[in-house]
Amino acid sequence: MGTPRTAIRTWMRWNVMFLVFLIVTVSYLDRTNLSVAAPTLMVELKLSPTQLGLIFSAFSWSYALAQIPAGIVATRLQPRRTYLYGMWSWCLLLVLSTTAGSFGAWILFRIPFGLAEAITWPAASILLSRWFPRVEFSQAMALQNLGLVVGAAVAPPLVAFILGIWGWRVAFIVTGLVAGALGTVFFLAVRDDPDQDPRVSEAELAWIRHDRPTEEAIKAPRGFNGMLLRRPSLWAVGVANFGLDFINFMFLTWYPTYLSARYHLSLKRLGALAMEPYVLGVVTVLGAGWLVRRLSSGRMGSARARRLVIAGGLLLGTCALFSVPYASNLYLSITAMSLGYAFVMSILGPMWSTPAEVAGRHGAGFVSGFVNFIGNVGGILSPILMGVALQRFASFTPAIVIAGGVTLVCGVLFTMLFHPEQDRTVVENFLQARTASGISLDGVRAQPDVAVARSGT
């Protein structure tokens, strides 16, 4: 017998998304601690810039390759268990990383760390598709993705502080333990579906359901994932994510070293100044989510609003990055770099709301994994490019100019391919046609008129 629901409207969906925001924050804190420790490690292990770039990118090799499998794993394990197992794996690997004493050892530890963190976005997309109506997708994803910027902002001063007193190994252990503890809290506090949580009121449950597409009550048929991969909008989002991750990983990995190498900053001053891109990023990520909702509430539809905000963010980021070589002093250079990062990061919420909207509940995990895979190819290339440029030219300028060219090309391709409303119609028609034929995921005849019961337990 189900537990009675409270009659008072609650806001449990936002509580759930806040915990996901914290998970994303910690995941980027755990990734960024290496970049803050990098100047120390270069001296301690006698690493060349190219070797350091390969260590930075090793995380992305496995992270990218694991994205689609991670989406399947997150769908089968469900988000709660996915986060619990994944985050304790992060913890263990970060602690073990403190024993790494060579270039090869760091490569061996960073590869499984990328595998473990690959579950973050697919699990979050599954939760989004279950806990939010489509009208709130952009806002929810903006909150979730804000964790990316906040985690990267917190890491420089926090890791620099711990590193200055106790050394980089303690910083790795502390951030790892935070991840494991948060994974446990999430497992105990959250349910995989609002129907399973008695704290969700009937009013809130009705709001969550009110604009769900009709495919929510059926099982996805064979050929569903292949059909999704042929949707231009998902490739558009993948291309935009490529540009975003190219810039994001450039900052997550090399930015503290860039400040240290070019301006010879102390550890204390480096930790403070390295926050500027992320502080501005918080403003642009929140502002973009608000702007899409505001434009969507007017005459402009949500698809046009997202196209405008995403293309605009990539273009403005391009302009800022192209201006970096002309900056004449430390503060102008940091401001130009920071604006380049912040404008590109602004696309996070609008961009990540598209996979769940187009693919629906059954395809959200798979599609988010695919989009993240495309993005992380950029995450692989960016750190290596920066390391090679520094070693060959003794300057980061060529790599920064190339990064601006990448975001420009991604913005143009995104604008050409992004048609989410048409692609959503194709998905719904595909599911309706297969349901009418009585074909299930396993290729056997299904009961077409039987809906999934919502127990409320």
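The expected span of a helix is 1.5 Å times one less than its number of residues. With that in hand, welcome to these close-up views of a predicted model.

**View 1. Helix α13 and its buried face.** Helix α13 covers residues 276-297. Its 22 residues should span 32 Å at 1.5 Å a residue, and the C-alpha atoms at its ends are 32 Å apart, so expectation and model agree. Look next for the buried residues of this helix: Pro277, Tyr278, Gly281, Thr284, Val285, Ala288, Gly289 and Val292. Viewed down the axis of α13, these buried residues fall within an arc of 135°, so they line one face of the helix. Which exposed residues sit on the face of α13 turned away from its buried side? They are Val283, Trp290, Arg294 and Ser297.

**View 2. Helix α17, seen end to end and down its axis.** Here we follow residues 397-417, which form helix α17. For 21 residues at 1.5 Å each, the helix should span 30 Å; the C-alpha atoms at its two ends lie 31 Å apart, which agrees. Buried in α17 are Ala399, Ile400, Ala403, Gly404, Val406, Thr407, Cys410, Gly411 and Phe414. Down the axis of α17, the buried residues fall within an arc of 155°, so they line one face of this helix.

**View 3. Helices α1 and α8 packed together.** Two packed helices are described by the angle between their axes and the distance between the axes. In this view the pair is α1 (residues 12-45) and α8 (residues 168-189), packed at an angle of about 165° with axes 10 Å apart. Angles over 145 degrees count as roughly antiparallel, which is why α1 is described as roughly antiparallel to α8. The crossing of α1 past α8 is left-handed. What classes of residue make up the contact of α1 with α8? By class, there are 17 nonpolar, 4 polar and 3 charged residues.

**View 4. Helices α2 and α11 at an oblique angle.** Helix α2 takes in residues 49-65 and helix α11 residues 232-263. They pack at an angle of about 130°, and their axes are 10 Å apart. That angle makes α2 oblique to α11. As α2 passes α11, the crossing is right-handed.

**View 5. Two loop residues with positive phi.** Most residues other than glycine have a negative phi. Lysine 46 has a phi near 55°, a positive value in a residue other than glycine. You can find lysine 46 in the loop between α1 and α2. Is lysine 46 buried or exposed? Its relative accessibility is 71%, so lysine 46 counts as exposed. Glutamine 78 has a positive phi too, near 75°, and this residue is not a glycine either. Look for glutamine 78 in the loop between α3 (67-77) and α4 (79-97).

**View 6. Serine 201 and tryptophan 11.** Serine 201 belongs to the loop between α8 and α9 (202-209). With a relative accessibility of 0%, serine 201 counts as buried. How far apart in space are the C-alpha atoms of serine 201 and tryptophan 11? The distance is 8.6 Å, while 190 residues separate the two in sequence.

**View 7. Alanine 303 and phenylalanine 418.** Helix α14 (residues 302-323) is home to alanine 303. Alanine 303 has 6% relative accessibility and so counts as buried. From its C-alpha atom to that of phenylalanine 418 the separation is 8.4 Å, for two residues that are 115 residues apart along the chain.

**View 8. Glycine 340 and isoleucine 247.** Glycine 340 sits in helix α15, which spans residues 330-345. Since its relative accessibility is 0%, glycine 340 counts as buried. Between glycine 340 and isoleucine 247 there are 8.4 Å in space, C-alpha to C-alpha, and the pair is 93 residues apart in sequence.

**View 9. Glycine 360 and arginine 134.** Our last stop is helix α16 (residues 348-393), where glycine 360 has its place. At 2% relative accessibility, glycine 360 is another residue that counts as buried. The C-alpha atoms of glycine 360 and arginine 134 are separated by 9.5 Å, with the two residues 226 residues apart along the chain.

How values were computed. Residues numbered from 1 in each chain as written. Predicted model: local features only at pLDDT ≥ 70, side-chain atom pairs only at ≥ 80, totals over all residues. Heavy atoms only, no water. Axes fitted to C-alpha atoms, helices over the stretch in contact; angles between N-to-C directions. Helix = DSSP H or I, 4+ residues; strand = E, 2+ residues; numbered from the N terminus. Parallel < 35°, antiparallel > 145°, perpendicular 65-115°, else oblique. Left-handed = near helix turned anticlockwise from the far one by under 90°. Nonpolar A, V, L, I, M, F, W, Y, C, P; charged D, E, K, R; others polar. Buried < 20%, exposed > 50% of the residue type's maximum accessible area, 1.4 Å probe, protein only. Arc of directions from axis to C-beta.
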